[in-house]
Amino acid sequence: MSGSILGFSLPTFWVGLMMIMLFAVILGWLPSTGRGETVPLFGIQVSFLTLDGLSHLLMPAFNLALFKMSLVIRLSRAGAKEVFQQDYIKFARAKGLSTSRIVLVHVMKNIMIPVVTVLGLEFGGLIAFSVVTETVFAWPGMGKLIIDAIQNLDRPIVVAYLMITVLLFVVINLVVDILYSVLDPRVRIQDVKS
Amino acid sequence: MSGETETINMDTTGMPIKVETPFRLFVRDYFESKTATAAFIAMMIIVFIAVFAPFISPTNPYDLAVVDIMDSRLPPFTESFNGTMYWLGTDGAGRDLLSSIFYGLRTSLGVGVASGLIAMMLGGSLGLMAAYFGGKIDTIIMRIVDIQLSFPAILVALILLAVLGKGVDKIIVALVIVQWAYYARTIRASAMVERRKEYVEAATCLALSHRRIVFKHLLPNCLPPMIVVVTVQTAHAISLEATLSFLGIGLPITEPSLGLLIANGFEYMMSMKYWISFFPGIALLVTIVTINMVGDQLRDVLNPRLQK
């Protein structure tokens, strides 16, 4: 729990800097900034298919994941704390189910809804709003695009960016809503009745 | 347990006085956890440092008569020519990093707490109004809240500061606009529950004014979740302010916060001069962690659903 508070509180940009310091400058294991070598895939240059590109991806990806990890830890802890007090958990215990089965099947299913909701929204945010990480690691993504556009007062780019972002979020919300009924059958039954 | 506390809490006539007030109960529950107690003490120390920064910092880092360019980029634990000890080293302009951190803490905490309190007052009163009057007012306020919450904090702050420009007042405005919706939503949720209770009905029957019912009767009963949001949002505000300053659109260079100190060290990173951004980052981290830990414990203590 304290670990998740740490992950929650760590300023993203500072962690990025310290990671560059440790892994790029002191240890020299990973490249510090940029995107690395690219190969064309359906006419688009992508970096995640080359080894060099993947090594460039490692640090920014971990930096972005750190915050989400602690978010998921906290969400599932809060959910599990409430679910553990429910009668069906007691019943499952009384039935003699193993702890791992209770946790992985009975508890997990019931805490998944808030986790999926938040992760879905955060996923959109990861693509569109990771301004800080992309600035620190000089990653040519959407976040870097928007902050450069704001600083250059490049309004068409800002507007186009906002439109794309809206579309992205609408699609993600749709997927999350569909996932709800997969995860929790009660959602589907209620919808049929109403 | 109650027997023990009663013997301690006797007044002069030997009559036991009532000990189980909600506040005492709350304090006892809070300090039950050792980590939370440590976090609370650490938070008090940080606040002390921030308030009394000019008196306890070894040098004044922004007094140009004291700062010597010959002392620039000294590593931690080095002594300058005139005998000043630099515990955490110096930055590119020869300023003592420890003193800079104390002054930066002052700015960061000031901005965070000020924006948190203003946002609480604004969001709190709007949320209370929405819950108490209901109907159209509720719909209008809560739709604005929904719109506000659908924008990510960092984007709103970025665009606002790009429009408003730099400055302490401007960053507080931006942080308030980012945060008020959280307060409004939290207090509305608890006020909706409280509003249906009998005491509010009784107060209405006594023909008390709306203002009196809202602030004297409704507000005190909605405070617990609010306190949790205040701590969490203050930590969030400090972190956001540091991020904005790091991106170069937050505070002006004349009023350096911890985020600016970290940004200053960015250019020295590649030449192994780690301390310029490392130590301000640690200070920022400790501040945010302690506030979050206090908020976390408050949430556990004040949450009626998890009562033992």
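Helices and strands are DSSP runs, of at least four residues for a helix and at least two for a strand, numbered from the N terminus. With that convention in hand, the predicted model can be toured from a single loop position outwards. V66(B) sits in the loop of chain B that connects α4 (53-56) to β1 (78-79). With 16 other C-beta atoms within 10 Å, V66(B) is partly exposed, because the partly exposed class lies between the limit for exposed residues, 12 or fewer, and that for buried residues, 20 or more. Neighbours up to four places away in sequence aside, V66(B) touches T59(B) and N60(B). R185(B), by comparison, lies 119 residues from V66(B) along the chain, and the C-alpha atoms of the two are separated by 49 Å.

Chain B as a whole comprises twelve helices and two strands. Read along the sequence, the pattern is α-α-α-α-β-β-α-α-α-α-α-α-α-α. Of the 308 residues in chain B, 40% are buried. When contacts in chain B with a separation of 6 or more are considered, 68% of them involve residues 24 or more positions apart.

The interior is a good place to look next. The largest nonpolar core holds 96 residues, and A157(B) and A184(B) are those with the most contacts inside it. In soluble globular proteins, nonpolar side chains tend to be buried together. Apart from its neighbours within four places in sequence, A157(B) is in contact with A174(B), V178(B), L240(B) and L244(B).

Helix α12(B) deserves a paragraph of its own. Its 28 residues should span 40 Å at 1.5 Å a residue, and the C-alpha atoms at its ends are indeed 40 Å apart, so expectation and model agree. Of these 28 residues, 22 are buried, which means that α12(B) is largely enclosed by the rest of the structure.

That helix also features where the two chains meet. The contact draws 30 residues from chain B and 23 residues from chain A. On the side of chain B that touches chain A, two or more residues each come from α7 (153-164), α10 (210-246), α11 (258-266) and α12 (275-302) of chain B. Among these elements, α12(B) gives the most, with nine residues. By residue type, this side of chain B divides into 22 nonpolar, six polar and two charged residues.

Turning to the partner, chain A has nine helices and two strands, and from the N terminus on its elements run α-α-β-β-α-α-α-α-α-α-α. The radius of gyration of chain A is 21 Å, whereas a compact globule of 194 residues would have one near 16 Å. The C-alpha trace of chain A spans about 60 × 45 × 30 Å along its principal axes. Buried residues account for 20% of the 194 residues of chain A. Among contacts in chain A between residues at least 6 apart in sequence, 55% join residues at least 24 apart.

Within chain A, helix α2 (residues 12-26) offers a view of both chains. This helix has 15 residues and reaches 20 Å from its first C-alpha to its last, close to the 21 Å expected at 1.5 Å a residue. Its buried residues are T12(A), F13(A), W14(A), V15(A), G16(A), L17(A), M19(A), I20(A) and M21(A). In chain A, the buried residues of α2(A) pack against α3 (51-83) and α6 (131-136), and in chain B they pack against α10, α11 and α12. Just after α2(A) comes G28(A), with a positive phi of about 70 degrees.

Two alanines complete the survey of backbone geometry. Most residues other than glycine have a negative phi. A138(A), although not a glycine, has a positive phi of about 50 degrees. The place of A138(A) is in the loop between α6 and α7 (142-151) of chain A, and with 13 C-beta neighbours inside 10 Å this alanine counts as partly exposed. In chain B, A207(B) likewise shows a positive phi, near 60 degrees, in a residue other than glycine. A207(B) lies in the loop between α9 (198-205) and α10 of chain B. With 6 C-beta neighbours inside 10 Å, A207(B) counts as exposed, because residues with 12 or fewer such neighbours fall in that class.

Definitions and conventions. Residues numbered from 1 in each chain as written. Chains lettered and ligands numbered in written order. Predicted model: local features only at pLDDT ≥ 70, side-chain atom pairs only at ≥ 80, totals over all residues. Contact = placed C-beta atoms within 7 Å. Nonpolar A, V, L, I, M, F, W, Y, C, P; charged D, E, K, R; others polar. Core = buried A, V, L, I, M, F, W, Y, C linked by C-beta atoms within 7 Å. Expected span 1.5 Å × (residues − 1). Rg over C-alpha atoms; globule rule 2.2 N^0.38 Å.
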